[in-house]
Each structure stands twice: as C-alpha cells, then as structure tokens.
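Subject: Structure handover

Hi,

Here is the structure for you to look over. My notes on what was found follow below it.

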Amino acid sequence: MKHLNGLRIAAFLLIAASVSCDKSKPELDKAKQELKDVSAQRDNAKMQLELSEGKLAEAQKRISDLEAAAQASAAEKAAAPASGKGAKGKKAKTAKAKRSHKKRH
C-alpha cells in the first residue's frame, strides 16, 4: 500500500507539474513574442541610426566642399579688383597716349 500511495503522489505531482507548465506556456510564448518584437525594433533603430550617420557624414563633406569653394571664390574676388584696376589703368594710359599721339600728327 505504501508503494501504491507513493505512485499516487508521484502521479499527482506529475499532473500538477504539467498543469502548471501549461499555464506558464502561454506566458512564455508571450514573452518570446515580446522579445522578438523588441529585437526587431532595436534592429530597425540601429539601421536608421546607421543611415542617418551616413547622411550626416555626406552632408558634412558637402558643407566642407562648399565652404572651400566659397573661400576660393572670395579670394579670387579680392584679388580681381586689384589686378583689374591695374589693367584698366594701363589700357586707359595706352589709349590716352594714342589719342595724344594722333593729335600731334
């Protein structure tokens, strides 16, 4: 009888364990699904971050290129009036000399 009671207790514990596992199985499945969802959101956020960082680097390069071009243009403009006046003055002197030379002859 003791042996029979032990089997009954073991069977009862086995049934109780399987019932409790069945109750926790939906919770486990729900937790697994939440983990998948959070992992997918994390991966999506990482991808967006990488894309944004790439776009930012490209924009910074464009800004640097534009700043360099603007500085070069400003340097050319600063140098152009000085050489332009000299050329204009030289042409004016040459033209004036030609006119005065024609008047003499």
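By what distance along helix α1 are K25 and D29 separated? They sit four residues apart in this helix, which spans residues 2-104, and that amounts to about one helical turn. Please keep in mind that this is a predicted model.

Overall picture

The protein chain has one helix and zero strands. Of its 105 residues, 0% are buried. The chain exposes about 9900 Å². Carbon and sulfur atoms supply 63% of that area.

Salt bridges

Side chains of opposite charge can pair when their charged atoms come close. The cut-off used here is a Lys or Arg side-chain nitrogen within 4 Å of an Asp or Glu carboxyl oxygen. Three salt bridges result from this rule. Here they are, one by one.

- K25 and D29. The closest N and O atoms are 3.5 Å apart, so the pair falls within the 4 Å cut-off. K25 is partly exposed, at 47% relative accessibility. D29 is partly exposed too, at 37%.

- R42 and D43. This salt bridge has its closest N and O atoms 3.1 Å apart. R42 has a relative accessibility of 45% and counts as partly exposed. D43 has a relative accessible area of 40%, which also makes it partly exposed.

- K61 and D65. Their side chains form a salt bridge at 3.1 Å, N to O. Both residues lie in helix α1. They are four residues apart, about one turn of the helix.

Is K61 exposed or buried? K61 is exposed, with a relative accessible area of 53%. The class follows because exposed means over 50%. Its partner D65 comes to 43% relative accessibility and counts as partly exposed.

To recap

The model is predicted. One helix and zero strands make up the secondary structure of the chain. Buried residues account for 0% of the chain. The salt bridge count is three, with K25 and D29 forming one of them.

Best regards

Note on methods:
Residues numbered from 1 in each chain as written. Predicted model: local features only at pLDDT ≥ 70, side-chain atom pairs only at ≥ 80, totals over all residues. Heavy atoms only, no water. Helix = DSSP H or I, 4+ residues; strand = E, 2+ residues; numbered from the N terminus. Buried < 20%, exposed > 50% of the residue type's maximum accessible area, 1.4 Å probe, protein only. Areas by Shrake-Rupley, 256 points an atom, 1.4 Å probe, with all protein chains shown as cover.
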